[in-house]
Structures are given as structure tokens and as C-alpha cells.
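User: I would like to go through the labels used for this model and see what each one rests on.

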Amino acid sequence: MSAVRHAQAWVELNTSDPEAVSALRVARVHLPAGRRLTALRRLRLIELSGRLPERAALEELLHRSTQFYNPHKERCSVRLSAAEAVPAPDGAAVVLVCERGSERRPAAERWWLHETGEALEVREGAAWVLSFEPGAHAIELATELTMLRDRRHGLLCNPHSQDARVAMTVVPLPWIEDAACSAREGSHVGLDAG
Amino acid sequence: MSARRVAVIQFPGLNCENESVLALARVGLAGEIFRWTRAADELRDFHAYLIPGGWSYNDRVRGGALAAKDPLLEVLADEAERGKPVLGICNGAQVLIEAGLVPGGSGVELALARNRMTARGGYYTRWTYVRVDASPCVFTRHLPAGTLLPLPIAHGEGRVAAREGETVSALTRAGLTPLRYVGADGRLARRFPDNPNGSLGAVAGLCNARGNVLAMMPHPERAQVLESLARTVSGPWAERRAAAAERGGDLEDQPGPGLAIFEGLRRHLVEAR
């Protein structure tokens, strides 16, 4: 086992994600901040914390169980450090949305313990990748599209039960754990604008 | 006297429209399924509105989140502002909360979040006991405070949640939580499964300050006749069913506890004529 303590698995459908397709249409048609939105993708962000194996073994373990993803219909890219790129194009904003207090995935943790003998923590959130027209202020628009305020403003995160973080070039690792900590301290939306 | 017309608004994925129309008919109201493809302005011709249960837009993003952005909701908000009654059941309740029609202050003030239950997660279905509390709600104010209604729930996202927990207590103090989960003895449900989803304050239904918009997670249309009452239900409604069965009556003709919500709507519409 290596000394790696955190890893992220970014899981995305091989086909267009219906949830993102619907959200993109609603945002573009009904929300002022969505008019300059050109693309919207949704990924499942799975974060693992504990004693983790090297990359190849980690990828193989993730590949082996649908507790993490289904390789017949989804693809997965693994990050082991914040310096590694996330599967998002340059200039896109990445928004993390988590259910407050329900980020942990106990079934995945049990599977991992059973397979490896190692206890680790597994958390999951939704990562939305938002691309805007050139010249648009991506962070500002992404934040506006994220936080639900009323019928015309916000969509991706209802702050009464969810927490959100917005990032650009550099996405933190760990991210979900940090977002949960921030939420406990009272900040339900945060900016991680690298 | 012509029956009052109630639009049963159907977004793609909502699937309780027929039984909702039937429940309205049982109290003498003319329910009409109003699909999302119609012009929003046509909604203005109706006297009241009902958004039924189901899975609008597959619950994409969150339950009710996408339907809440539909132009139909703008018209609905206008008509609610004019005092017309609006009832949202289950997914319909999620739409009303996500659209900010309930509790109806400035913007979205609540969430109907993922259930939080003991030793399980996800979708949950069960017959619950709901207590009517004193409230301006037009759907329940004809019922004495303390009335118990056994009603089924069936949802994965129904937990009343607010960023500031104080919000829900304040709504309760203001009489805007007309329906709350209780045990069979009528006492407030403090824990699972009597409180089936972990709702703050055991709240099962919320209304706006005027009382004309109600968002409720239990399904009254699934309890519109005595026949539908679960065998696990005890108390006066179970006794009523047993007595009706003993008389040899057709239980499908006998009003069930859920019909009280629709009867409240009928009474309000008669008074408002």
C-alpha cells in the first residue's frame, strides 16, 4: 500500500447524460444566467480516503464493482493529486453538489473492506461541468445557476438540503470532505477558484 | 349549478392524475387533466389546481426541480396570488416547494430532501398517521384540530428541511404546517417509522400564509375510499371500515380519510362563489 490518502473517481456516462440534457435545456430556456451556457455535463464524483493502493490497483478495484461504476455504460478517470487534470475543458466551471450529511457511501465502504481488508471512507457528490460562450464570466454565471433562490434563479443546488462548491482550473482533492467541513461551519456554497 | 373546474396539471412523469381526477369527482368537482404541452395561459380558466404525484422529468436534478421552472408555474403563482387554491401532492409538493409557492415568502425557503431513515435509505412506502393542526389552510380548516387521517406515503425525497432549522419551527408556530406525522395515538412522531422520512417537526404538509396553497407528501387520493385503507391501520377509520363491511356495503363507495382534503377544497370553492 502506498501513502496516498485521497483519490477521486470521476464517473461519466458514455452516452449523453439525460439529467444534464434536461438541465441544460431548462437553464438555457428559463433562467437568465443560462442564456450563455453552451454545454452542461454531469459526473458522479466519488472520493476515497484511507490507505489506498497504487493507481493501477486502485483503478482495477473501482472497475470491478458497480458500487463505483458500471464499465459497460460509464467511464472513470482517477485523480490522485490536485495537480492532475479533471475531465473538464479549459475555461469550464466545475460545480460540486452534495446532499448535506448524506455524502458517505456505506455499501461501497463495506465492499472495499471485504475485498481488500482495508477500511476507508467513500463519499459521493454530483459534479456539474458548465461551459459558457467566450467572454462570459464563468464563475459568476455558474454560481448563479447553482444556488436555487427562486423560479428564475438557480437550479443545481437547493441550499436547504445541499451544499455546493464551485471551482475552475484547479479542483481540490479532497473536495467533498472539505465541502462537508465548510458546510458544518455554516458555508453552504463555496468558491474554490483556482 | 356547474361543477367547479380543477386543473390536474401533468408534467411528463407524473402518474397519479387519474386517481386525482376521480377523488375530485367524488366530492363533486370537475377535474381535468391539463398536460404540459398546453398553453400556460389556458390555466387561468380554472377555479383551482392540483399537481399530482409521480416523477416529473424523472426527478432529474432533484424531485420537482425542473418542473418548477416551467412557465406553467408562473401562471400558477399568479393565480395563487389571486387566491385560487393549489394542492401539490408528493411530487406535486416538491414542485411547489422548489418553485417557492410554499411557504410563499421571498423565493425558495425549504427543501423536500432525501429521506433520512433508521438503517435504510432511498424510496420508502408506508401508511402513516397524519394529524390536522390548526391552520388557515383551505384544504384542512373544516376539520377539527387533532383530527387523525391515515394516509399512505411513497417517496424517496420528502424530508422537510431548511438551512436554518428555526424556519420550520417558525412556520409551525404561524400555523403553516397543517399536517404533521403522528403515531396511532395522535402524538407527534419523533422518530422513524412514524416520522417516515425524518422531516423537521414531523411536518407532512405545509401551506402559505393565506392558506390557499398546500404542499403535502402523503397521498390523499390513494385513501379516497375505505376499501383502500391498509389492514395495518387502526383507530376510528379502521372501525368505520369494519362496520361498513359488516353491513355488507361496498367499501369502494364509502369515503376514505383522504377524501377530507378534497372536501375541504370543495367547501372553499362553494364559499368563494
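The exchange below takes up the labels one at a time.

User: What kind of model is this?

Analyst: This is a predicted model, and the values discussed here are computed from it.

User: Why is chain A called as compact as a globular protein of its length?

Analyst: The globule rule gives 16 Å for 194 residues, and the radius of gyration of chain A is 17 Å, which is close to that value; therefore the chain is as compact as a globular protein of that length. Along the principal axes, its C-alpha atoms fill a box of roughly 50 × 35 × 25 Å. Of the 194 residues, 42% count as buried. Among contacts in chain A with a separation of 6 or more, 72% are between residues 24 or more positions apart.

User: Which elements make up chain A, and in what order do they run?

Analyst: Chain A has five helices and seven strands. Read from the N terminus, the order is β-α-β-α-β-β-α-β-α-β-α-β.

User: How do you know that β2(A) pairs with β5(A)?

Analyst: Two strands pair if at least two bridges are found between them. Between β2(A) and β5(A), residues 120–132, there are 13 bridges, and the strands run antiparallel. One of the bridge pairs is L43(A) with A127(A). β2(A), residues 37–50, also pairs with β1(A), residues 6–13, in the antiparallel sense over six bridges. There, H6(A) has S49(A) as its bridge partner.

User: What makes β2 and β7 of chain B edge strands?

Analyst: The open sheet in chain B has nine strands, in the order β2-β1-β3-β4-β11-β10-β9-β6-β7, with mixed pairing. β2 (30–35) and β7 (148–155) each have a single partner strand, so one side of each is left without a neighbour in the sheet. From one strand to the next, the twist averages 25°.

User: Why is the pairing in that sheet called mixed?

Analyst: The pairing is mixed, and individual pairs show both senses. β3(B), residues 48–51, and β4(B) pair in the parallel sense over three bridges, with Y49(B) and V86(B) as bridge partners. β4(B) also pairs with β11(B), residues 213–216, in the parallel sense over four bridges, and G88(B) stands opposite A215(B). β6(B), residues 124–132, and β9(B), residues 179–182, pair in the antiparallel sense over four bridges; here Y129(B) stands opposite V182(B).

User: What makes both faces of β4(B) count as covered?

Analyst: The residues on both sides of β4(B), residues 86–89, are buried: V86(B) and G88(B) on one side, L87(B) and I89(B) on the other. The chain reaches β4(B) from β3(B) through α2(B), in a right-handed β-α-β crossover.

User: Why is α3(B) described as largely enclosed?

Analyst: Eight of the eight residues of α3(B), residues 91–98, are buried, so the helix is largely enclosed by the rest of the structure. Among them are N91(B), Q94(B) and E98(B). The buried residues of this helix pack against β3, β4, β5, β8 (157–161) and β11 of chain B. Just after α3(B), G100(B) takes a positive phi of about 80°.

User: Are Y57(B) and N58(B) buried or partly exposed?

Analyst: A residue is buried if 20 or more other C-beta atoms lie within 10 Å, exposed if 12 or fewer, and partly exposed in between. Y57(B) has 25 C-beta neighbours inside 10 Å and therefore counts as buried. N58(B) has 14 other C-beta atoms within 10 Å, so N58(B) is partly exposed.

User: What makes the backbone of Y57(B) and N58(B) worth listing?

Analyst: Most residues other than glycine have a negative phi. Y57(B) has a positive phi of about 50° although it is not a glycine, and phi of N58(B) is near 65°. Y57(B) is in the loop between β3 and α2 of chain B, and N58(B) is in the loop between β3 and α2 of chain B.

User: How do you know that the bonds to P174(A) and P103(B) are cis?

Analyst: Omega is near 0° for the peptide bond from L173(A) to P174(A), and omega is near 0° for the one from V102(B) to P103(B). Most peptide bonds are trans. P174(A) sits in the loop between β6 (162–167) and α5 (176–184) of chain A, and P103(B) in the loop between α3 and β5 of chain B.

User: What makes up the side of chain B that touches chain A?

Analyst: The contact takes 22 residues from chain B and 20 residues from chain A. On the chain B side, α2 (71–81) and β5 (111–114) are the elements that give two or more residues. β5(B) gives the largest share, three residues. The residues of this side divide into 13 nonpolar, two polar and seven charged.

Definitions and conventions:
Residues numbered from 1 in each chain as written. Chains lettered and ligands numbered in written order. Predicted model: local features only at pLDDT ≥ 70, side-chain atom pairs only at ≥ 80, totals over all residues. Axes fitted to C-alpha atoms, helices over the stretch in contact; angles between N-to-C directions. Contact = placed C-beta atoms within 7 Å. Nonpolar A, V, L, I, M, F, W, Y, C, P; charged D, E, K, R; others polar. Rg over C-alpha atoms; globule rule 2.2 N^0.38 Å. Right-handed = clockwise from strand over helix to strand, strands pointing away.
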